[in-house]
Amino acid sequence: MNPAATDPMLRIAGLDVRFGPRQVLFDVSFELFAGETVGVVGESGSGKSTLARAILRLIPADKGAILWRGRDLRSCDSSTLQRLRRELQIVFQDPLGSLNPRMTVADTIAEPLRIFEPGLSAGERSVRIGAMLERVGLEAGMADRYPHEFSGGQCQRIGIARAMILSPALLICDEPVSSLDVSVQGQIVNLLLDLQRDAGTALLFISHNLALVRHLSHRILVMYAGRLIEIAARDVVYEKPLHPYTRTLLAAAAGQAEFIATDGAAPLQTGCAYRDRCRYALPLCAARPALEEIDTGHFVACHRARELLS
Amino acid sequence: MTSLLQVAGLTVSFSRPTGSIEAVRQVSLEVEACECLGIVGESGSGKTQVFMAAMGLLASNAAAAGSVRFAGEELLAAPRARLNRVRGSKLAMIFQDPMTSLTPHLTIGTQMAEVLVYHGGLSWGEARGAARRMLARVQVPEPERRLNQYPHELSGGLRQRVMIGMSLLCEPALVIADEPTTALDVTVQAQIIALLRLMRRELGMALVLISHDLGVVAGLADRILVMYAGRIVETAGAVDLFERARHPYTAELLNCIPRLSGPRLDRLPTLAGQPPRPQEIGAGCAFAPRCPRAAERCRVERPELQGDTARQAACHFPLLP
């Protein structure tokens, strides 16, 4: 199936988020299609997690639209939002911290069912929970235990079970394996991919690990200082990146250092935010570059993208 | 010739209300002058505790047994005053989080100068000058201005540069760096590794680099030591380890790391199960429950490190002889 042939399931248009006087997301726009995996990469402070939370309205946006199947989550009333949220779930970075320490595993996974499927009997719920536990690789006997009795990897499985029990259409994963040991990361990523394949869930996979994202994403969004600076199909990003920041990021991930002292100063708020670190910067970069489609499906926010293409 | 650092039969145990647990079990290792030894392991493998014991920085409920000799001097039994003389001058440590390891209410200049006043007997004026020169050396821009700044005014990358500079002030013979790049962004990580490499070339100190990230260690270490469940399971030259792992754990760990190049995988390679908790470790090989090569022998008889000094593995059925 070619996802581009259908309408996007989620469309973000011109999203701005401010924390008080500080703007942290600038004019973010992108689309996400059913069943697709989109990787979001960028460094700390680039706005990846803010974007995830803003999409779910866990934090308010200041401007723009969050269109879920054509309906704007920003303007819909709370009961509609509540209903729609069943289709949008999230898995957080800190596996233990995102579980309620006073709730058993069974209660944690049951909570979404109690809210969204109140008609279920206790017996039916228990069957669903048992099946889900098995699906995420936990034993049925673990249902009555508490989060602190589990390892980080197991807690993340519980978080995934809670998120997937309602078979959401979109699962946002915010650094879901970053706090886990390497030997456990692959298990959790594969579990997410299996669940995605079985339930047709789209994944928005946020990670600072470029090597990891490469293996599971169809498309990649690159963020820098609260802006989307490059969007492209996976292989295009890894083999022919255009934005100078994407190139630096990939070089660094491959172990190549490029030291540009930035003094710990906040990224620039006007023009191209990357221009004080960019070796291609010109005076014209003081004007903000728009995210432009340079090639089919390849969007870049850089005044010099066309030159860099050749 | 004796090694710079000699750890012999080190065991670190923590007393808990539920009983005592051993985080480090019978670890012996040596660090030669001028070499870079990488210590790799997952959380709970004991890699940090080995060196916390060496530095006398164990938590109050921990006890260390065995021997840690630095330049021939036993550190485990050393009185605190003596330990304070050694650490910070000849033996320095860099931690993961430069924010919490710098003192928040002292300026960078004061913290750095203090080291030289205390250990080097310099006057405050001289020490400040030396601190400024060191900041320049670790490529902190505008060193003069930094002396008057507080840690929170610097970015994470600059703070780690300050930490590295501070550790080098007394020209230590050995620097222990515990996850020095883990808290940093990937572009900054690469810069800090390049800086450590440069400092080693210029100053010739020995470096112990502790990390869960094999990529970070690969970029710096001459020799690598792999820990699992409190014990050393393999040690080899860096290139040798990456190309010809002998212990199945090392091989599986290397296999699990997602690659930036090469074929794209639909499923990531995995290692079943999870590292055991200290209280779960039985008589046999701690890795046996997860090991694809494990046999009955592995479950009952713990393998000792075997091989010549250049390459050793603790496995009954190593991948290579």
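Helix axes are lines fitted to C-alpha atoms over the stretch in contact, and the angle between two helices runs from 0 to 180 degrees between their N-to-C directions. The exercises below concern a predicted model.

**Exercise 1. Helix packing between chains A and B**

Determine how helix α9 of chain A is oriented relative to helix α8 of chain B, and state which residues meet.

*Solution.*
- Step 1. The two elements are α9(A), residues 244-253, and α8(B), residues 186-203; their axes lie 8 Å apart and make an angle of about 50 degrees.
- Step 2. This angle makes α9(A) oblique to α8(B), since roughly parallel requires under 35 degrees and roughly perpendicular 65 to 115.
- Step 3. The crossing of α9(A) with α8(B) is left-handed.
- Step 4. From α9(A) come T248(A), L249(A), A252(A) and A253(A), and they meet V186(B), T187(B), Q189(B) and A190(B) of α8(B).
- Step 5. Sorted by class, the residues of this contact comprise five nonpolar, three polar and no charged.

**Exercise 2. The side of chain B that touches chain A**

Establish how many residues take part in the contact between the chains, and which helix of chain B gives the most.

*Solution.*
- Step 1. The contact involves 34 residues of chain B and 32 residues of chain A.
- Step 2. On the chain B side, α8 and α11 (248-256) each supply at least two residues.
- Step 3. The greatest contribution is that of α8(B), with seven residues.
- Step 4. The composition of this side of chain B is 17 nonpolar, eleven polar and six charged residues.

**Exercise 3. The open sheet of chain A**

Give the strand order of the four-stranded open sheet of chain A and explain why one side of each edge strand has no neighbour in the sheet.

*Solution.*
- Step 1. The order is β2-β1-β4-β5, with antiparallel pairing.
- Step 2. The edges are taken by β2 (22-32) and β5 (71-72); each has a single partner strand, so one side of each lacks a neighbour in the sheet.
- Step 3. Between β1(A), residues 10-19, and β2(A) there are seven bridges. L15(A) has V28(A) of β2(A) as its bridge partner.
- Step 4. Helix α1(A), residues 48-55, lies across β1, β2 and β4 (63-68) of chain A, and runs at about 65 degrees to β2(A).

**Exercise 4. A residue of helix α1(A)**

Decide whether S49(A) is buried or exposed, and identify its contacts beyond four places in sequence.

*Solution.*
- Step 1. S49(A) belongs to helix α1 of chain A.
- Step 2. S49(A) has 20 C-beta neighbours inside 10 Å and therefore counts as buried, the cut-off being 20 or more.
- Step 3. Beyond its neighbours within four places in sequence, S49(A) is in contact with D174(A) and I206(A).
- Step 4. I206(A) is 157 residues from S49(A) in sequence, yet their C-alpha atoms are 7.5 Å apart.

**Exercise 5. Strand β6(A) and its partner**

Describe where the side chains of strand β6(A) point and how this strand pairs with β7(A).

*Solution.*
- Step 1. In a regular strand, side chains alternate between the two faces of the sheet.
- Step 2. In β6(A), residues 88-91, L88(A) and I90(A) point one way, whereas Q89(A) and V91(A) point the other way; all are buried.
- Step 3. β6(A) runs parallel to β7(A), residues 170-174, and four bridges join them. C173(A) in β7(A) is the bridge partner of V91(A).

**Exercise 6. Helix α1 of chain B**

Explain why helix α1(B) is described as largely enclosed.

*Solution.*
- Step 1. Of the nine residues of α1(B), residues 47-55, eight are buried, so the helix is largely enclosed by the rest of the structure.
- Step 2. The buried residues include K47(B), Q49(B) and F51(B).
- Step 3. After α1(B) comes G56(B), with a positive phi near 70 degrees.

Methods: Residues are numbered from 1 along each chain as its sequence is written. Chains are lettered from A and ligands numbered from 1 in the order in which they are written. This is a predicted model: local features need pLDDT of at least 70, side-chain atom pairs count only at pLDDT 80 or more; totals for chains, interfaces and linings use all residues. Angles under 35 degrees count as roughly parallel, over 145 as roughly antiparallel, 65 to 115 as roughly perpendicular and the rest as oblique. A crossing is left-handed if the near helix is turned anticlockwise from the far one by less than a right angle, and right-handed if clockwise. Two residues are in contact if their C-beta atoms, placed from the backbone, lie within 7 Å. Ala, Val, Leu, Ile, Met, Phe, Trp, Tyr, Cys and Pro count as nonpolar, Asp, Glu, Lys and Arg as charged, and the others, Gly among them, as polar. A residue is buried if 20 or more other C-beta atoms lie within 10 Å of its own, exposed if 12 or fewer, and partly exposed in between; C-beta atoms are placed from the backbone. Two strands pair if DSSP finds at least two bridges between them.
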